[in-house]
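Open the model in your viewer and keep the selection tool at hand. The tour goes from strands to pockets, one selection at a time.

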Amino acid sequence: MRFGKIAYLNLLPFDVCIKAYPLPSYMKKCIALKKSFPSKLNQDFLFRRIDAGFISSIAGYASHYKHKVCPSGIIAKGAVWSVIVKKGSGFDYQSDTSNALSQVLGLQGEVLIGDRALRFRYNGGEFEDMGEKWWDRTKLPFVFGRLCFSSYGELLGRISKAFNKRYGTKHKKIPHYMLMAASHRSGVESWYIAEYLKHIFYAIGPKEKRGLERFYRQVRLKCIKRPHRF
């Protein structure tokens, strides 16, 4: 299985889950091998260079309606800390969904996502939190990414179920060595990463699906371009 994984701190719990899940060692290596930022993984998924992965919601539009998705995602229920708009102009080349969300919300400024956004917040920069803005407007969660697949759906469904059971709506401790490695890699203190992860949820239920549908409807109404193969 060719799996694409977003190389951000928000999927640390998924790393912990995979380490504990009963999979052959070669498959665990495959899942950890392909790491990149969201917009790159979107293209890899659309061009079938990967079979599955956590794909930006806007790129998972077709998978959503074809039911080639698992009930796991990267979800905010209010402030998310790592998807922000700061003073400036321009979109973030790393994210298609966050760029679209800024247009849906009518926010002006430079979009910043992932570890760079978290580091900016940690260092005291001024910004608007897009997860918080969406919640204030809709009172619905926002799904930034979705576990989508073109094959291996049955296996991924089992992994998704195990992941949701452990981390979907509640937070368990990340091993200290993983937090320290993440801190060294990202330049953010380990305690701050642990606090950040309390703002991320993973299980997609009815409210999360309604939030996705609301977002997709706004994308269509505003004629926002979705990622395509051609």
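How many bridges join strand 1 to strand 3? Two bridges join them, and the two strands run parallel. Keep in mind throughout that this is a predicted model.

**Stop 1: strand 1**

Select residues 3-6, which form strand 1. Show the side chains and look at their directions: Phe3 and Lys5 point one way, while Gly4 and Ile6 point the other way. All of these residues are buried. In a regular strand, side chains alternate between the two faces of the sheet.

Now add the neighbours of strand 1. Strand 2 (residues 34-36) runs parallel to strand 1, and three bridges join the two. To see one position in this pairing, select Ile6, which stands opposite Ser36 in strand 2. For the pairing with strand 3, select Phe3, whose bridge partner in strand 3 is Ala52.

**Stop 2: strand 8**

Next, select residues 142-149, which are strand 8. Is strand 8 largely enclosed or largely open? Eight of its eight residues are buried, so strand 8 is largely enclosed by the rest of the structure.

Add strand 3 (residues 52-56) to the selection; strand 3 and strand 8 pair in the antiparallel sense over five bridges. Within this pair, Gly53 has Cys148 of strand 8 as its bridge partner. Then add strand 4 (residues 69-76), which is antiparallel to strand 8 and joined to strand 8 by five bridges. Here Ile75 stands opposite Val143 in strand 8.

**Stop 3: the largest pocket**

Select Asp15, Lys19, Ala32, Lys35 and Met178, which of the 17 lining residues lie nearest the centre of the largest pocket. The elements that give two or more residues to this lining are helix 1 (12-20), helix 2 (25-33) and helix 9 (176-186). The volume of the largest pocket is about 350 Å³. Colour the lining by class: 11 residues are nonpolar, six are charged and none is polar.

**Stop 4: the second largest pocket**

Finally, select Leu46, Arg48, Ala62, Ser63 and Lys66, which lie nearest the centre of the second largest pocket among its 16 lining residues. Two or more residues of the lining come from each of helix 3 (38-46) and helix 4 (61-66). Which helix gives the most to this lining? Helix 4 does, with four residues. The second largest pocket holds about 270 Å³ of space. By class, its lining has eight nonpolar, three polar and five charged residues.

Notes. Residues are numbered from 1 along each chain as its sequence is written. This is a predicted model: local features need pLDDT of at least 70, side-chain atom pairs count only at pLDDT 80 or more; totals for chains, interfaces and linings use all residues. Side-chain values use heavy atoms; hydrogens and water are left out. On a 1 Å grid over the protein atoms alone, a cavity is a set of points where a 1.4 Å probe fits but cannot get out, and a pocket is an open set with protein on both sides within 12 Å along at least five of seven lines; lining residues have an atom within 4 Å of a point. Grid points are joined across faces, edges and corners, and a volume is the space filled by probe spheres set on the points. Ala, Val, Leu, Ile, Met, Phe, Trp, Tyr, Cys and Pro count as nonpolar, Asp, Glu, Lys and Arg as charged, and the others, Gly among them, as polar. Buried means under 20% relative accessible area, exposed over 50%, partly exposed in between (1.4 Å probe, protein chains only). Two strands pair if DSSP finds at least two bridges between them.
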